[in-house]
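Here are a few short exercises to work through with the model in view. Try each task yourself before reading its solution.

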Amino acid sequence: MTENDTIYQEVSGLLIKLFEIAPEDITPEARLYEDLELDSIDAVDMIVHLQKKTGKKIKPETFKSVRTVQDVVDAVEQLLREE
């Protein structure tokens, strides 16, 4: 399993646990706001949880361009590479 797969599993688990999203609705292409019906408060909750998991500070501007589940995975992977 690649780091990308691991992050994807983590993000998927978070979406299921925090927002009660059905696992079959979560795909890399799923749009956070339109398809998964998250709102800006949900996005902040997700960022807070990801910060706790990674131990890294996530810059708000990093997440402004995030639209899909894969965008979240890519942003977290980028963050982890910046060590």
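Let's settle one term up front: buried means under 20% relative accessible area, exposed means over 50%, and partly exposed is in between, using a 1.4 Å probe and protein chains only. You're looking at a predicted model, where local features need pLDDT of at least 70, side-chain atom pairs count only at pLDDT 80 or more, and totals for chains, interfaces and linings use all residues. Residues are numbered from 1 along each chain as its sequence is written, and side-chain values use heavy atoms, with hydrogens and water left out.

**Exercise 1.** Sort Glu20, Glu37 and Ala22 into buried, partly exposed or exposed.

Step 1: Find Glu20 in the loop between α1 and α2. Its relative accessibility is 73%, so Glu20 counts as exposed.

Step 2: Go on to Glu37, which sits in the loop between α1 and α2. With 64% relative accessibility, Glu37 counts as exposed.

Step 3: Now take Ala22, found in the loop between α1 (3–19) and α2. At 25% relative accessibility, Ala22 is partly exposed.

While you're there, check the backbone: phi is near 55 degrees in Glu20, a positive value in a residue other than glycine. Phi of Glu37 is near 60 degrees, again positive in a residue other than glycine.

**Exercise 2.** Describe how α2 packs with α4.

Step 1: Locate helix α2 at residues 40–54 and helix α4 at residues 69–81. Helices here are DSSP runs (H or I, at least four residues), strands are E runs of at least two, and numbering starts from the N terminus.

Step 2: Read off the geometry: an angle of about 35 degrees, with the axes 12 Å apart. Axes are lines fitted to C-alpha atoms, for helices over the stretch in contact, and angles run from 0 to 180 degrees between N-to-C directions.

Step 3: List who touches whom, with contact meaning heavy atoms within 4.5 Å. From α2 come Met46, Leu50 and Thr54, and from α4 come Val72, Val76, Leu79 and Leu80.

**Exercise 3.** What are the helix and strand counts of the chain, and how compact is it?

Step 1: Count the elements: four helices and zero strands.

Step 2: Compare sizes. The radius of gyration is 12 Å, close to the 12 Å that the globule rule gives for 83 residues, so the chain is as compact as a globular protein of that length. The radius is taken over C-alpha atoms, and the rule is 2.2 Å times the number of residues to the power 0.38.

Step 3: Add burial: 36% of the 83 residues are buried.
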